[in-house]
Amino acid sequence: MPSPPLGATEPTEQERAAATALLHMIWGLHISRAVYLAAELGVADLLAEGPRTAADLAQVTQTDESALYRVLRLLAALSVLTEPEPRLFGLTILGDRLRSDVPASMRNWALLADTLGFGAHEPIVDAVRTGKTGTEIAYGTGTMEQVRGDAQRAARFDAAMAERTAAFAASVAAAFDFTGMRVIADIGGGNGTLLAAILRRHQRLRGILFDVPDAARRAERVLRDAGVADRCEIVAGDFLVSVPERADGYLLANVLHDWDDHRAAAILHTCGRAMNPGGRVLIAERLIPDDPRDAVPVLLSDLNMLLLSGGLERTNAEYGALLAAAGLRPGRIQPVAPPYGVIEGFAA
């Protein structure tokens, strides 16, 4: 080991600990790739019935046993898996979230990085210097143009969005007061996960699911399986152009964070013009907490928006300003499953 430079002092224990913590951040990509591999190979589903050996898993997944073992060993060290005996692996509660068929599954989210590609994250320096998205710099196009141009990518993207929506859908349906509404339009509603949860809980409501044609088509099965298809109309279109008219509530869930302030205000303005007198817009988004220690997950999403879409995560105050810019009056903010909240906007 080389000697420290002349004049250098030995680091303190606190400095060594800080360096170790920073190294863990630097190696974050390696952790992410290991989790992705487990999700892509379906390792958690293969371990659902109990522990299996690395050799067995390698045979089933058609991978090299030695290489796979090294990744599984890392995941065990990270408490995603257990290794009760050498080269024998099982699931922890973390690893169980990578199964396809469990509550709070994260498998589709783990697959999302490769669905979108890492190319947009590579030019982060240029993105910060220029204000352009990483997608624009790397590919010369937008993220959604890339996704929608590939059927497999589009299906994986929609699955990841539905998975995240499912994490807060029940809390929105249970916690928010839909009194006074008869028709609610879910704008950019994807496969219908959120609207299905709301209609299932509130039997008097009717719904309109509005999204691009491919996404709207995939909503038919979700709404039918939820038993609410007879109370819901599916409409295909582009919310940057227009939205269905004469609903009492316009729900925008995980939509506005994809857009800069100008575009987001325009979307809100379009909804405000279309809604019935006395109607409301309902913004369901991640909210940036005041305490930075609680804000890390939302701030990571914000970095994603910076690099992928040009949008941003916002504070309560910033959503209030966005509503005002759209000619709407900010209402209450209803916390739902953290870090989400529902922000109301009324006609001014």
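Strand 8 (residues 280-286) and strand 10 run antiparallel and are joined by seven bridges. Keep in mind as you look around that this is a predicted model. To get your bearings on that pairing, find R286, which sits opposite Y340 in strand 10.

Now look at the other partner of strand 10. Strand 9 (residues 328-335) is also antiparallel to strand 10, and here six bridges link the two. A handy marker for this pairing is L328, which faces A347 across in strand 10. If you follow the chain from strand 9 into strand 10, you go through a hairpin of four residues.

So what about the surroundings of strand 10 itself? The strand covers residues 340-347, and six of its eight residues are buried, meaning under 20% relative accessible area. That's why strand 10 counts as largely enclosed by the rest of the structure.

Let's move over to the helices. Helix 2 (residues 28-41) packs against helix 7 (residues 107-116) at an angle of about 115°, and their axes lie 9 Å apart. The crossing of helix 2 past helix 7 is left-handed. On the helix 2 side, the contact is made by R33, V35, Y36, A39 and E40, while helix 7 brings in R107, A110, L111 and D114. Sort the residues of this contact by character and you get five nonpolar and four charged, with no polar ones.

Note on methods. Residues are numbered from 1 along each chain as its sequence is written. This is a predicted model: local features need pLDDT of at least 70, side-chain atom pairs count only at pLDDT 80 or more; totals for chains, interfaces and linings use all residues. Side-chain values use heavy atoms; hydrogens and water are left out. Buried means under 20% relative accessible area, exposed over 50%, partly exposed in between (1.4 Å probe, protein chains only). Two strands pair if DSSP finds at least two bridges between them. Axes are lines fitted to C-alpha atoms, for helices over the stretch in contact, and angles run from 0 to 180 degrees between N-to-C directions. A crossing is left-handed if the near helix is turned anticlockwise from the far one by less than a right angle, and right-handed if clockwise. Contact means heavy atoms within 4.5 Å. Ala, Val, Leu, Ile, Met, Phe, Trp, Tyr, Cys and Pro count as nonpolar, Asp, Glu, Lys and Arg as charged, and the others, Gly among them, as polar.
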